[in-house]
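Grab a pencil and work through these exercises with the model open beside you. Try each task before reading the solution.

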2 protein chains.
Amino acid sequence: MKEVLPQLNSTFSIDCVLFGFDEGELKVLLIERNEEPFKDWWALPGYLVNENESLDQSAARILHELTGIENVYMEQFYTFGDIGRHPQGRIISVAYYAMLRLGGDKALKPISNYAKQAHWINVKELPPLAFDHQKIFDQGLEKIKRRIKHQPIAFELLPEKFTLTQLQNVYEVILGKKLDKRNFRKKMLSFNVLKDLNEKQKGVSFRAATLYRFDKRKYGKLFGKEISF
Amino acid sequence: MKEVLPQLNSTFSIDCVLFGFDEGELKVLLIERNEEPFKDWWALPGYLVNENESLDQSAARILHELTGIENVYMEQFYTFGDIGRHPQGRIISVAYYAMLRLGGDKALKPISNYAKQAHWINVKELPPLAFDHQKIFDQGLEKIKRRIKHQPIAFELLPEKFTLTQLQNVYEVILGKKLDKRNFRKKMLSFNVLKDLNEKQKGVSFRAATLYRFDKRKYGKLFGKEISF
DNA sequence: TTACTTAGTGTAATATCTACACGGTATATT
DNA sequence: AATATACCGTGTAGATATTACACTAAGTAA
């Protein structure tokens with residue numbers, strides 16, 4: 001049985017593509033929708049923009065309402081505006097992305113009941129997505145690929161303290177190819193944005209690796225320079 | 001005397017940042033507005049999107065209506081959505097850019113009378129612009145800077161046949177710095193996307209330079225590879 | 001004590017980047 | 001015809017960056 005959906009005015013929405021990294025896998029944050037259209041489908045966290053908020057503000061609010069996540073710096077990357085992309089009318093969507101540390105601290109508790117639940121899903125095992133969200137996701141993934149190639153920001157996905165092997169792992173998963181260990185280390189350390197903590201991993205079987213931390217001050221100096229992987 | 005402006009619904013518009021190159025100067029296409037708000041101000045060609053067209057289609061239509069220019073491939077680069085950016089209500093604007101061959105052939109004849117006239121203006125001598133168009137222009141300029149650094153597309157701004165010196169000139173003007181002649185040629189030719197026409201400039205005082213043409217077939221092979229200036 | 005697993009390290013060959021200067025050639029001028 | 005002018009077109013050496021490649025060290029588990 002078909003439900004009749006209300007017609008929405010010409011308007012615009014935000015969709016967020018949040019990437020996380022866990023257990024060697026790249027994950028994306030999805031919600032399960034609780035409303036028509038696409039009720040019970042998985043989708044990127046997204047909703048309509050209010051009249052009285054900027055796009056950036058709106059993105060932060062929507063992410064919070066649908067997933068409980070706050071204080072994430074997201075960046076706009078593309079606006080999707082094909083006709084027919086939304087069954088209820090002419091709605092264009094401004095897409096944002098961010099890379100994010102996973103961990104128990106960021107609770108996934110939707111506040112609005114527009115979302116039933118929110119989950120981190122392995123990007124290799126995506127369910128069918130609502131609207132044109134597969135396309136939005138694909139472009140978001142392309143975006144972070146380009147970005148980690150040119151800026152040493154992969155540690156945004158890692159815990160504060162991380163090993164070089166973990167960092168290399170992030171690169172390999174996102175770029176989809178193996179990198180040479182010695183060359184990777186040489187290059188990464190040459191950027192001079194990592195601080196050696198003189199500290200070792202704990203609670204790991206076999207030899208523990210040195211922990212590093214991202215050094216914001218040094219990063220400032222690098223910023224804008226061309227680098228590439 | 002203040003006019004009362006109609007309130008527009010929440011909706012969206014397109015603004016186009018078109019770059020051209022003429023007489024050694026980088027130019028941008030502006031219109032003189034014929035309607036409130038900002039009547040008689042200079043502005044980027046831009047207007048509201050219709051319900052029945054995609055953003056890309058809309059950009060092409062709007063450019064044509066306001067400037068007479070057709071068949072230009074434009075690419076979206078950012079969406080501007082601060083509150084208060086438009087005095088008549090909540091209007092976000094999707095910005096497009098393109099690089100374009102100038103020349104007598106592309107007539108600048110606005111079709112809609114929303115624009116009084118359209119002109120190519122030296123980017124170094126911009127008049128005050130309507131709305132937040134200065135900001136949109138600035139970001140458009142940043143965009144083409146990044147783009148010509150990574151893709152050998154500067155000849156989009158030049159006539160079909162061009163000399164290496166002209167091409168270098170485009171790079172120098174856009175990047176805002178001098179480049180070494182020998183190194184520039186070495187690098188540009190190494191990309192293997194230029195075809196030597198075995199033909200010389202005509203009608204020029206002093207020694208004539210060799211003409212080159214962009215070779216689309218070869219470009220296909222390069223595409224996607226990382227290059228940089 | 002041994003087996004296992006991951007950490008951590010150097011070098012040589014190649015490719016790319018940078019800095020740098022002058023003779024060649026068509027045109028204009030006298 | 002000779003000369004001045006202004007732009008064209010080219011090479012190299014030194015420095016830097018990239019690539020390919022394999023073993024020993026250290027800690028844990030049995």
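For the classes used below, Ala, Val, Leu, Ile, Met, Phe, Trp, Tyr, Cys and Pro count as nonpolar, Asp, Glu, Lys and Arg as charged, and the others, Gly among them, as polar. Keep in mind that this is a predicted model.

**Exercise 1. The surface near strand C**

Task: Sort the residues near DNA strand C by class, then find which elements supply them.

Step 1. Start with the neighbours: 18 residues sit around DNA strand C, and A:Lys181, A:Arg207, A:Thr210, B:Asn183 and B:Arg207 come nearest.

Step 2. Now apply the classes. The surface near DNA strand C has 11 charged residues, along with four nonpolar and three polar ones.

Step 3. Look at particular atoms. In the side chain of A:Arg185, an N or O atom is 3.4 Å from a phosphate oxygen of the strand C DNA. Chain B reaches the bases: B:Lys186 has a polar side-chain atom 3.0 Å from a base oxygen of DNA strand C, and B:Arg207 has one 2.8 Å from a base nitrogen of that strand.

Step 4. Finish with the elements. Those giving two or more residues to this surface are α4 (181-190) of chain A and α4 (181-190) of chain B.

Step 5. Turn to the DNA side. Of the strand C atoms within 4 Å of the protein, 34% belong to sugar or phosphate, and the rest belong to bases.

**Exercise 2. The other strand**

Task: Go through the same steps for DNA strand D, and say which residues are closest.

Step 1. Here 20 residues surround the strand, and the closest are A:Phe206, A:Arg207, B:Lys181, B:Arg207 and B:Thr210.

Step 2. By class, the surface near DNA strand D has five nonpolar, four polar and 11 charged residues.

Step 3. Chain A reaches the bases of strand D. A polar side-chain atom of A:Asn183 is 3.0 Å from a base nitrogen, and a polar side-chain atom of A:Lys186 is 3.0 Å from a base oxygen. From chain B, a polar side-chain atom of B:Thr165 is 3.2 Å from a phosphate oxygen of DNA strand D.

Step 4. α4 of chain A and α4 of chain B each supply at least two residues of the surface near DNA strand D. Of the strand D atoms within 4 Å of the protein, 37% are sugar or phosphate and the rest are in bases.

**Exercise 3. Where the two chains touch**

Task: Describe the interface of chain A and chain B, and find how many salt bridges cross it.

Step 1. Count the residues: 24 of chain A are in contact with 24 of chain B.

Step 2. Take the area. The two chains bury about 2,000 Å² between them, with 50% of it on carbon and sulfur atoms.

Step 3. Check the pairings. The rule finds zero salt bridges across this interface, while the count of residue pairs in polar contact is nine.

Step 4. Name the elements. On the side of chain A that touches chain B, two or more residues come from each of β1 (11-22), β5 (75-80), β6 (91-100) and α2 (133-150). β5(A) gives the most, with four residues.

Step 5. Sort that side by class, and you get eight nonpolar, 10 polar and six charged residues.

**Exercise 4. The build of chain A**

Task: Work out how many helices and strands chain A has, and why chain A can be called as compact as a globular protein of its length.

Step 1. Chain A has five helices and nine strands. From the N terminus on, the elements run β-β-β-β-α-β-β-β-α-α-α-β-β-α.

Step 2. The radius of gyration of chain A is 19 Å, close to the 17 Å that the globule rule gives for 229 residues, so chain A is as compact as a globular protein of that length.

Step 3. For the extents, the C-alpha trace of chain A spans about 60 × 40 × 30 Å along its principal axes.

**Exercise 5. Local details**

Task: Find the salt bridge of A:Glu142, and the cis peptide bond that leads to A:Pro37.

Step 1. The side chain of A:Glu142 meets that of A:Lys145 in a salt bridge (3.9 Å, N to O). Both residues lie in helix α2 of chain A, three residues apart, about one turn of the helix.

Step 2. The peptide bond from A:Glu36 to A:Pro37 is cis, with omega near -10°. A:Pro37 is in the loop between β2 (25-33) and β3 (42-43) of chain A.

Notes:
Residues are numbered from 1 along each chain as its sequence is written. Chains are lettered from A and ligands numbered from 1 in the order in which they are written. This is a predicted model: local features need pLDDT of at least 70, side-chain atom pairs count only at pLDDT 80 or more; totals for chains, interfaces and linings use all residues. Side-chain values use heavy atoms; hydrogens and water are left out. Contact means heavy atoms within 4.5 Å. Buried area is the accessible area (1.4 Å probe) that two parts lose on being put together, summed over both. A salt bridge is a side-chain nitrogen of Lys or Arg within 4 Å of a carboxyl oxygen of Asp or Glu. A polar contact is a pair of N or O atoms within 3.5 Å; within protein, one must be able to donate a hydrogen and the other to accept it, and residues adjacent in sequence count only if both atoms are side-chain atoms. A residue is near a molecule or strand if one of its heavy atoms lies within 4 Å of it. The radius of gyration is taken over C-alpha atoms; the globule rule is 2.2 Å times the number of residues to the power 0.38.
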